[in-house]
Amino acid sequence: MVTITNENFSISKICKSGQCFRMNEMEDGRTVSLIAYGRYMEVTQDGNTICFDCSWEEYDRIWKKYFDMETDYAEIMSGIDTEDDYLVSAVEYGKGIRILNQDLWEMIISFIVSQQNNIKRIRKCISLLCEKYGEKKVAANGMEYYDFPTPKALAGAAVEDLYACNLGYRSRYIHETANSILRGDVDLELLQQMDYDAAKTELLKLCGIGEKVADCICLFALHKTDAFPKDTHINKVLATQYQEGFPFEKYVNYSGILQQYIFYYDLNFPLRPA
DNA sequence: CATCAGGCGAGAC
DNA sequence: GTCTCGCCTGAT
């Protein structure tokens, strides 16, 4: 068991912020369970005290980076223009959200699934994919879970079988992308070494990945914090609150983090469209 | 019934 | 390069 304190960490908001789809709140209201990097884990929070149900060795090796614990979010947020009322409100509301460092392959598939889709159904689809094509495992506490399917496992799935996971027209995208990765058209290891522009260009070669999805993958898997995914929420906020354009120049290298706060804010307090 | 959900591909121009 | 259209499916 690992216990730490941090003023800028909210497991509940992270869970609901829509960047991870295999993290779920448990019934006690202060614990989430998550499956990532082939492991099952539970995180419990009481105020600023956070408990990770794992060894210190595992925490240091995996979860410290996963939860971006080395980054000082207070320092980042201190750079916000105090006259930007909307952004100040969004950042205040989302206090505790962090940009996770998630698995690249899992994010590629997850954000293909996410297009033109809602969070609840995205979770359902991914859960079905894991149960059908992922390896079954048992956690230390006896919990049974399924690992995220490998590229090979998904490449072997027929498009009609993917339809059975409620993926709809995204089934073909997943089939083709999995096969592209398996063939080596796009190399996951090389992607990890690339800068933002190169990685994005490479991701755009995959079927089902356009501008928005590529940016989500860059932000949530490659930690390119200048990637600023423009979805329907963000486009609406840009159109209504930033008619002169979003001031990217003020937030060089971390506009992507702000994007996540804006997204979460509009998800919970939707603005009227322009 | 229509519209929308964290868009994208294909084809027309 | 920009524009339009069709697309699985469940919720409202």
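This report walks through a predicted model, taking the DNA surfaces, the sheet and one helix in turn.

## Around DNA strand B

Let's start with DNA strand B, which has 22 residues around it. Gly18, Gln115, Asn118, Gly210 and Val213 are the closest of these. Sorted by class, the residues of this surface come out as twelve polar, seven nonpolar and three charged.

Two helices that each put at least two residues into the surface near strand B are H12 (211–220) and H13 (232–241). H12 gives the most, with four residues.

## A look at Asn118

Asn118, one of the closest residues to DNA strand B, sits in the loop between helix H5 (104–114) and helix H6 (119–133). Is Asn118 buried or exposed? Asn118 has 10 C-beta neighbours inside 10 Å, so it counts as exposed; the cut-off for that label is 12 or fewer.

If you want a distance to check, try Asn118 and Ile209: they are 91 residues apart in sequence, and their C-alpha atoms are 17 Å apart in space.

## Around DNA strand C

For DNA strand C, the surrounding residues are Gln116, Arg121, Tyr163, Asn166, Gly168 and Tyr169. That surface breaks down into three polar, two nonpolar and one charged residues.

## The sheet

Now for the strands. Five of them make an open, antiparallel sheet, and the order across it is S1-S5-S4-S3-S2. At the edges are S1 (2–5) and S2 (23–25), each of which pairs on one side only. Ignoring direction, neighbouring strands are turned against each other by 20 degrees on average.

How many bridges join S1 to S5? There are four, and S5 covers residues 49–52, running antiparallel to S1. To pick out one pairing, Val2 has Phe52 in S5 as its bridge partner.

## Helix H14

Last up is H14, spanning residues 255–268. Does its length come out as expected or not? With 14 residues at 1.5 Å a residue, H14 should span 20 Å, and its end C-alpha atoms are indeed 20 Å apart, so the two values agree.

H14 is also largely enclosed by the rest of the structure, because eleven of its 14 residues are buried. Among the buried ones are Ile257, Leu258, Ile262 and Phe263, along with Gln259, Gln260 and Asp266. What do the buried residues of H14 pack against? Their partners are helix H1 (11–16), helix H3 (73–77), helix H4 (85–93), H12 and H13. Those last two, H12 and H13, also supply residues to the surface near DNA strand B.

Notes
Residues numbered from 1 in each chain as written. Chains lettered and ligands numbered in written order. Predicted model: local features only at pLDDT ≥ 70, side-chain atom pairs only at ≥ 80, totals over all residues. Near = placed C-beta within 6 Å. Nonpolar A, V, L, I, M, F, W, Y, C, P; charged D, E, K, R; others polar. Pairing = 2+ DSSP bridges. Axes fitted to C-alpha atoms, helices over the stretch in contact; angles between N-to-C directions. Expected span 1.5 Å × (residues − 1). Buried ≥ 20, exposed ≤ 12 C-beta atoms within 10 Å, placed from the backbone. Contact = placed C-beta atoms within 7 Å.
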